[in-house]
Amino acid sequence: MSAALAAGFASPVHDAQAVFRCVMMAMARPGTVRRIAVPLDPPGCMQPAAAAAALALCDFETPVWLDEALSSHPHVREWLRFHTGAPVVAASRAAAFAFVADGRALPAFSTFALGTLDYPDRSVTAVVAVDALHEGMGWRLTGPGIPGETRFIAEGLPADMLDRLAGNRGLFPRGIDIVLVCGDRIAALPRTTIVEA
Amino acid sequence: MYVAVKGGERAIANAHALLDHSRRGDHAVPEIAPKQIREQLALAVDRVMAEGSLYDRDLAALAIKQARGDLIEAIFLVRAFRTTLPRFGHGEPADTAAMQIRRRISATYKDLPGGQVLGPTFDYTHRLIDFALAAGAPVAEPAEAGEGEPADTPHVTALLDGEGLIERNPPQPSGRPVGDLTREPLAFPADRDLRLQNLARADEGFLLAMGYSTQRGYGRTHPFVGEIRFGEIEVEFVPEDLGFAVPLGRIQVTECEMVTQFKGTAETSPQFTRGYGLVFGQSERKAMSMALVDRALRAREFGEDVVAPAQDEEFVLSHSDNVQATGFVEHLKLPHYVDFQAELGLIRQLRREHADRAAAAGFTREAAE
Amino acid sequence: MNAPTLTGYNFAYLDEQTKRMIRRAILKAIAIPGYQVPFASREMPMPYGWGTGGVQVTASVIGPQDVLKVIDQGSDDTTNAVSIRAFFARTAGVATTTATADATIIQTRHRIPEAPLTDGQILVYQVPIPEPLRFLEPRETETRTMHALEEYGLMHVKLYEDIARHGHIATTYAYPVRVAGRYLMDPSPTPKFDNPKMHMSPALQLFGAGREKRIYAVPPYTRVVSLDFEDHPFEVNRFDKPCALCGAHGVYLDEVVLDDRGGRMFVCSDTDHCGTRQEQGHRGDLSTPREGSAA
């Protein structure tokens, strides 16, 4: 372990559980914003909430893809590999998890694994950093996990994000599941959520 | 007055105490030690290791003691322990041709390089209860093999392959590491590596019945026992940080190679095909059954019609595991009264309606419930 | 590392790698409601059929702050419920309860509690056969294709044959549902009485099938519709009488045989619900007179 390598979870078993519960409830209740109460100081431009999700969910069985902003930092890859053992892959389509630090440069969904009709679960979960997460305003969200409708918006995503999400919804049951992070805050847009302006 | 049943916790504790007491049996009889089971019930230990999928004689012996000799229960104990062990990787392919042989027979040749070695077998014992054994008769020393280098014992299939008479073992599909159904859920169709792993862990009785059924025409494979060998092999492992193979230890295995129905096309010359069985410890019944079923399950590969149970991959692989099977069969003894109540309600309603219809049609009304 | 409660084993028994694998499956299950996610189910220290799937799901979700309730047939005190509750008390050191309202996680076999579940609660079902089409088509390869193509005609044919033969749909438990308008799902062998509780439930519903190696989910506030026909709408099981102990109507009842001369009584299957009502002063036909009644 190099001296520069930042620490992982202070309490691996309980921190992983707490982070997972947070991600799970975010996925179960799309458009709700939660705080990950596990302090982390990850390297580079990796957001603490993204780092927490990586530590809680990735291991040697999950190929991980990093965007340019993350892969260009010397310590991010090393930190991930040391703490999770996850193989960092260059081919985005092979990844079970994609970490995107620059939400504005989010690659097209079609560059990732979107599952098959037989196995729609064999699809990527993208953890995308944004500038801000707002609950109760902005986009109109409907679908499973949402009583009636709810308002939610994330700032710092591509201009055509709603079109992309509509396209993703059209693929159902195939599709990408998105976890949005900002600092220690987290929200999710699973493939079931209908997002409109 | 009715009071809902309470006290499940105490009932369970009492049942466990009674189980422990029953396990011990008559205190006038000395308590059995796991090492006695390990040494004197070695074939039971072998079966528990094979189907428990963990090579540890002492642990298997202890499990047999704990399970009061119920081998499926012992297998279950070993499996539940195995699942908590960290996994470091997989061993290197073992070289069974280099086996230190204790028994080796071929049914296809009268004699062959390395010879036929009868070894410790029940085969030609007369099945007469040996009452002298009850008193603990002294055991004669076995005959020793002569001095000198142990002879080379090439596989019979290798001899056949020398003439091109038998198919080569198909290689593992490239780019895919060997499967492990304890780490990945089994998906169908399954490749041969996963099928063989499933069969190696499968219930001996299930495989025996399946193998037997192929002999009676339910997916016939025209088998010949090319060879059965039992003995010790070395297990090697390549640690990530070393990069070269280091020996982990020696294990006993039984291997069976069946030489089966030949195949050929207009383009390819006819060749015998193979069925393969390998199990921990000494169990020819299981290794032979496994080889028969392995060959039957290769039906798709050889373009044979899948018509018999033993050829049906989903059927065989989904029902071969005795820990799964015993769990699901025995779970029927758990309370199901909520669902039964739902059925009771429906059947009473249907009978009422049936009786009403019969009455309306002028028939004699059925006796009321 | 935190000190484990049971020496030699990790918190909640499962190793961390196994928990991560199951947690990833749960996330995909939530994202694809009603779809059965294959997972590498582990051998648990209790038999297959005793709730190994539910136990693995609970073990992967539970934390030290949780309060766990376990029911079997609606009761907290049936032996298997007692056994599973004791397993988590021992391996995770969590608080347990019998009160539905106090629980954060409820593991169940065959029932959904009568008291409405609330936002943030998690209901974990033990599932024996997760595939709703399995008894119509035993082959996994075939049923997988049916789900992929949303080809559920076979199930409608089966239900319609029931009507032709018996005048009713003859399925009384494990009654198939459509989730969020897409996947056909087995609600586990709960009586169909409980099906309406799944619809738009505020609780997260997770389903674990250990032997069959499948996990599936219904997110909170998700449409769950029981299959039916226009001329044969879905109906729940009905009982002629209220609970003999607490007088509750509109709850699921167990039939208790009192003697061999046809003596029967019907009491709440949900023991917590029944006990709570009795504490509140509700009485049924066969309950003991209230002691020390102030009235």
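**Note on the contacts between and within chains A, B and C**

1. In this predicted model, 43 residues of chain B are in contact with 59 residues of chain C. The size of an interface is often given as the accessible area lost when the parts come together. Chain B and chain C bury about 4300 Å² between them, and 60% of that area lies on carbon and sulfur atoms.

2. On the side of chain B that touches chain C, at least two residues each are supplied by α1 (8-24), α5 (71-82), α12 (322-330) and α13 (337-360) of chain B. Of these helices, α13(B) gives the most to that side, with 12 residues. Sorted by character, the residues of the side of chain B that touches chain C comprise 18 nonpolar, 11 polar and 14 charged.

3. Across the interface of chain B and chain C there are 20 residue pairs in polar contact, both residues having a pLDDT of 80 or more, and there are 4 salt bridges. A salt bridge across these chains can be inspected at Arg348(B) and Glu255(C), whose side chains meet with N and O 2.9 Å apart. Arg348(B) is a good residue to pick out when following the contact from chain B into chain C, as its partner in the salt bridge is Glu255(C).

4. The interface of chain C and chain A can be read in the same way, beginning with its extent: 43 residues of chain C are in contact with 42 residues of chain A. The area that chain C and chain A bury between them is about 3400 Å², with 65% of it on carbon and sulfur atoms. In chain C, the residues that lose the most area to chain A are Arg24(C), Leu27(C) and Lys28(C), which together account for 18% of what that side buries.

5. What salt bridges and polar contacts join chain C to chain A? Between the two chains the count is 6 salt bridges, one of them being that of Arg24(C) with Glu61(A), where the closest N and O atoms are 3.3 Å apart. The interface of chain C and chain A also holds 20 residue pairs in polar contact, both residues again at pLDDT 80 or more.

6. The elements that give two or more residues to the side of chain C that touches chain A are α1 (16-31), β1 (37-38), α2 (52-61), α4 (140-148) and β8 (204-209) of chain C. The largest share of that side, 12 residues, comes from α1(C). The residues of the side of chain C that touches chain A divide by character into 25 nonpolar, 8 polar and 10 charged.

7. Over all chains the count comes to 64 salt bridges, and chain B offers two that are worth following within a single chain. In one, the side chains of Arg47(B) and Asp203(B) meet with 2.9 Å between N and O. This pair links distant parts of the chain, 156 residues apart, with Arg47(B) in helix α3 (residues 42-52) and Asp203(B) in the loop between α8 (192-201) and α9 (204-215) of chain B. Asp203(B) counts as buried because its relative accessibility is 13%, which is under the 20% cut-off.

8. In the other, Glu51(B) forms a salt bridge with Lys286(B), the closest N and O atoms lying 3.9 Å apart. Glu51(B) lies in helix α3 and Lys286(B) in helix α10 (residues 284-297) of chain B, so the pair ties together parts that are 235 residues apart in sequence. Both Glu51(B) and Lys286(B) are buried.

9. In chain C, is each partner of the salt bridge between Lys197(C) and Asp194(C) buried or exposed? The side chains of Lys197(C) and Asp194(C) meet at 2.7 Å, N to O. Lys197(C) counts as partly exposed, because its relative accessibility is 24%, whereas Asp194(C) counts as buried at 0%. Elsewhere, salt bridges that share partners join Asp59(A), Glu61(A), Arg20(C) and Arg24(C) into one network.

10. Aromatic pairs number 14 over all chains. Among them, Trp65(A) and Phe112(A) are edge-to-face, 5.5 Å centre to centre with 80° between the planes, and both are buried. Trp65(A) is in strand β2 (residues 64-66) and Phe112(A) in the loop between β3 (97-100) and β4 (125-129) of chain A, 47 residues apart. The rings of Tyr9(C) and Tyr13(C) have centres 5.4 Å apart and planes at 25°, so this pair is stacked. Tyr9(C) is partly exposed at 28% relative accessible area, and Tyr13(C) is buried at 7%. Tyr9(C), Tyr13(C), Phe87(C) and Phe88(C) form one aromatic cluster.

Conventions
Residues numbered from 1 in each chain as written. Chains lettered and ligands numbered in written order. Predicted model: local features only at pLDDT ≥ 70, side-chain atom pairs only at ≥ 80, totals over all residues. Heavy atoms only, no water. Helix = DSSP H or I, 4+ residues; strand = E, 2+ residues; numbered from the N terminus. Buried < 20%, exposed > 50% of the residue type's maximum accessible area, 1.4 Å probe, protein only. Contact = heavy atoms within 4.5 Å. Buried area = accessible area lost by both parts, 1.4 Å probe. Polar contact = N/O pair within 3.5 Å; in protein donor to acceptor, adjacent residues only side chain to side chain. Nonpolar A, V, L, I, M, F, W, Y, C, P; charged D, E, K, R; others polar. Phe/Tyr/Trp six-rings, centres within 6.5 Å; stacked < 30°, edge-to-face > 60°.
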